[in-house]
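Trainee: Could we go through this structure together, please?
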Amino acid sequence: MLSVKRNIKFFKILLIIGFAYFFWLMLNITLEYIPVNPNVSFLMIKQTEVEQRPEYLYFFYTHVYTSIFVLLSGFFAIIRKDFGWKSFHRNMGKAYIFLILVLAAPSGIYMGFFANGGLFSKVSFVILGFLWWFSTFKAYQLARRKKFKEHKQWMWRSFAFTLSAITLRMWKVIIVYLFHPNPMDVYQIIAWLGWIPNILIIDYLITKKQI
């Protein structure tokens, strides 16, 4: 029994270290867009949208600037620790839910309609955006009803979609390294691979009562 508890503790430590590493990578990506410059990084291949759709940059920066805080607040909400600060978990959860429902998910859905990779990619990113919003809203509703077990499960589902920002980039590196496909083919693959395994794993753990 003691050995199992030690293994679980070790696994949690690895998860925290892993998240910290990937959060640092995502933070560096976010910092590329400070100060505002429509001619850097990802925006270099989105010049059609930048030039023809004035609103695109507003949605893009809203999504980029809020998503990093979504990752951080979501992580602290999920681990359910107050760290000696009263209502820390609750406040992190509120921030996470607000940012997604009002800013990150709506802007992500908009951007999904203009995703690279054609219709196949666009459909995936739009579906992801709606599922991200819905799962977060469901978690919010359940918390309001004080159904905290179900609330926790839906928060995990929401966070699985949140982590797609990390996992799709992981898959991109792996696929490019192993297969060297056409860039547009990569977008079509990671558009789906970035979030479907995440939610399947979480639902499996929920089914097995591990969450």
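Mentor: We shall take the overall fold before the charged residues; please note that this is a predicted model.

Trainee: How many helices and strands are there in the protein chain?
Mentor: The protein chain has 9 helices and 0 strands. Its radius of gyration is 18 Å, close to the 17 Å that the globule rule gives for 211 residues, so the chain is as compact as a globular protein of that length.

Trainee: And what share of the residues counts as buried?
Mentor: Of the 211 residues, 38% are buried. The chain exposes about 13,000 Å², with carbon and sulfur atoms supplying 69% of that area.

Trainee: Changing topic: how many salt bridges are there?
Mentor: The count comes to 3 salt bridges.

Trainee: Which residue does R157 pair with?
Mentor: R157 pairs with D203, and their closest N and O atoms are 2.9 Å apart. R157 lies in helix α6 and D203 in helix α9, so this salt bridge ties together parts that are 46 residues apart in sequence.

Trainee: Is R157 buried or exposed?
Mentor: R157 counts as buried, at 14% relative accessibility. D203, at 27%, counts as partly exposed.

Trainee: What about K46; which residue is its partner?
Mentor: K46 forms a salt bridge with E49, with 3.6 Å between the closest N and O atoms. Both K46 and E49 are buried.

Trainee: And which residue does E55 bridge to?
Mentor: E55 bridges to R53, where the closest N and O atoms are 3.8 Å apart. E55 is partly exposed, with a relative accessible area of 27%, and R53 is partly exposed at 36%.

Notes: Residues are numbered from 1 along each chain as its sequence is written. This is a predicted model: local features need pLDDT of at least 70, side-chain atom pairs count only at pLDDT 80 or more; totals for chains, interfaces and linings use all residues. Side-chain values use heavy atoms; hydrogens and water are left out. Helices (H or I, at least four residues) and strands (E, at least two) are DSSP runs, numbered from the N terminus. The radius of gyration is taken over C-alpha atoms; the globule rule is 2.2 Å times the number of residues to the power 0.38. Buried means under 20% relative accessible area, exposed over 50%, partly exposed in between (1.4 Å probe, protein chains only). Accessible areas come from the Shrake-Rupley method with a 1.4 Å probe; for residues, only the protein chains shown count as cover. A salt bridge is a side-chain nitrogen of Lys or Arg within 4 Å of a carboxyl oxygen of Asp or Glu.
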